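Hello,

Here is the structure we talked about handing over. My notes follow it.

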Amino acid sequence: MGFSNSTYPMSSNDMLTSLLPEWPAWAINLLLAMTGALTVTLLMNYFYTPDDEKASAKEKSVLKSTNKTHEALHTEFNSFRKSYLSVYLVIMLADWMQGTHMYTLYLSYDVNISALFLTGFLSGAIFAPFLGSLVDKFGRKRSCIVYCVLEIIINWLEHYSSFEILLLGRVLGGISTNLLFSAFESWMATEHRKKGFPDEWMARTYSECSIGNGATAILAGVIAQVLEDWRGHIGPFQGAIALTMLALLLILRWDENYGETKDAKEEGSSLYRQFTDGWKLVASDSRVFRIGLVQALSEGGVYTFVFMWVPTLLGMNPPGGVPTGCVFSAMMMAITIGGIVFQPLEHFIGTALKTKAKATDWSAVFSYIMASLSMSVPALCLCCSPAETCFDKILLSFIVIEFCVGLSSPIGGVLRSKYVPDAYQGAIMNIFRLPLNAVVVSGTHATDVLPQYQVYGIVSILFLTAAAIQATLAIDNRDARKKVE
């Protein structure tokens, strides 16, 4: 009795291939490689003990600053960290769900997409210098609540195809973006110190925020696609409303904190004074000015890259096309790996330098130099080589810069908490969103008028300049703790 070949059992190779999506081989290999790299990084991190857990010998001793044992304080810190992360991750999941589908929603409405995005950036630039003072003066918790309310309104406005209504949503979006990147971090840093936790423990929170950010981005792509299949293009925005309402409920459990202590709230402590004091501090303390400038240059470079990577890969016509969702997932894995690597890298640099004081500064220099080198790859390849011969190199450079994003995110948070006084965190973080938005608007315009290789060259220079400025902070021997409180 004969059997056709179809009756033979499938080989393990064939079975694996049948389970994978119909993506080109290079895309599947990329995703498998990044999954393997993430797995190895997680396993290595499993054997790494964070600094906040290394004080086993002190667990029974009482810390003078809090009159609590190390063990009791660490238990409180874990509870505080999880409380903050539960809000942060829900907020970032909602934010990613909007970002992955905003373009396609506006495309379905047949509106001027570039005008809407440009309005959002300009709104952010206009309101940034004033919002930070409001955050510090009226309370970080209240500002986080305002963010949630704004996001619910914005996502509701996305239900309407009217250009004017969408334009209003982008104006509000510029305000909410500034709140997202100042109010939450300011609240966490100040509350961390209010509770008496050591400053070095803050690195753990920032690291887990970066890891979680990459993970939620991957999850957001899947959830948003399911919601779009079920509810249409507006589905992800409806999901974002539900998540933001959940975050709002979680924030209500937080304590309030301000840019000033209650004892310092004198009659003369007006909003105008809070605003002017923030600007005076930037002008008088070169370390604050430099850390803000580094933030503007590096984040501006990242945002410009975000506008570039899809058209660059599509323009290279790789075999089988470009499954952007697959590449995006691989990039988000790279961000997660960067977040995981942060603490071990900082520990390694601190050990090599024989001091922890400047370990984070030099970690930042390393990250920005690596980002600059990664962006020099597409700049040189697209300028001097045939596109079809450069695809693998450019794709790898995109993975490397996303790794740097994941690494520099917690580094930036630690450095801001180190150099920027708690009393003015919200104000100063928003002041530097003004040059950041200027860099983003300029970078977005450059993508329309300059060849791609020149834009990548500019981005590489932005990161290299950020590295040089950060290096001046790393060799500055002044005590960062001697800052105006």
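pLDDT stays under 50 over residues 481-485. For that stretch the model has 13 contacts beyond four places in sequence. Please keep in mind that this is a predicted model. Across the chain the mean pLDDT is 84. Of its residues, 87% reach 70 or more. Residues 262-268 also have a pLDDT below 50. Beyond near neighbours in sequence, residues 262-268 have 6 contacts in the model.

Next, the cysteines. How many disulfides does the structure hold? The count is 0. Cysteine 148 is in no disulfide. Its nearest cysteine sulfur belongs to cysteine 144 and is 7.2 Å away. A disulfide needs the two sulfur atoms within 2.5 Å, so this pair does not qualify. Is cysteine 148 buried or exposed? Cysteine 148 has a relative accessible area of 0%, so it is buried. Cysteine 404 is at 2% relative accessibility and therefore counts as buried too. The cut-off for buried is under 20%.

Now the surface. Leu118, Leu122, Ile126 and Phe127 make a nonpolar patch there. Its area is about 340 Å². Leucine 118 sits in helix 5, which spans residues 113-138. Why is leucine 118 classed as partly exposed? Its relative accessibility is 37%, and the partly exposed class lies between under 20% and over 50%.

Two loop residues deserve a look for their backbone angles. Most residues other than glycine have a negative phi. Aspartate 110 has a positive one, near 55°. Where does aspartate 110 lie? The answer is the loop between helix 4 (102-109) and helix 5. Aspartate 110 has a relative accessible area of 70%, so it is exposed.

Asparagine 317 is the other case. Its phi is positive as well, near 50°, and the residue is not a glycine. Asparagine 317 is placed in the loop between helix 12 and helix 13. Helix 12 covers 286-315, and helix 13 covers 324-353. Which class does asparagine 317 fall into, buried or exposed? With a relative accessible area of 64%, asparagine 317 is exposed. The exposed class starts over 50%.

When you open the file, I would go through it in the order above. Begin with residues 481-485 and 262-268, where pLDDT is under 50 and below 50. Then turn to cysteine 148, which is in no disulfide, and to the patch that includes Leu118. Finish with the positive phi values of aspartate 110 and asparagine 317.

Best wishes

Note on methods: Residues numbered from 1 in each chain as written. Predicted model: local features only at pLDDT ≥ 70, side-chain atom pairs only at ≥ 80, totals over all residues. Heavy atoms only, no water. Buried < 20%, exposed > 50% of the residue type's maximum accessible area, 1.4 Å probe, protein only. Patch = residues over 30% accessible without salt bridge, like charges linked within 9 Å, V, L, I, M, F, W, Y side chains within 5 Å. Areas by Shrake-Rupley, 256 points an atom, 1.4 Å probe, with all protein chains shown as cover. Salt bridge = Lys/Arg side-chain N within 4 Å of Asp/Glu carboxyl O. Helix = DSSP H or I, 4+ residues; strand = E, 2+ residues; numbered from the N terminus. pLDDT = per-residue confidence, 0-100. Contact = heavy atoms within 4.5 Å.
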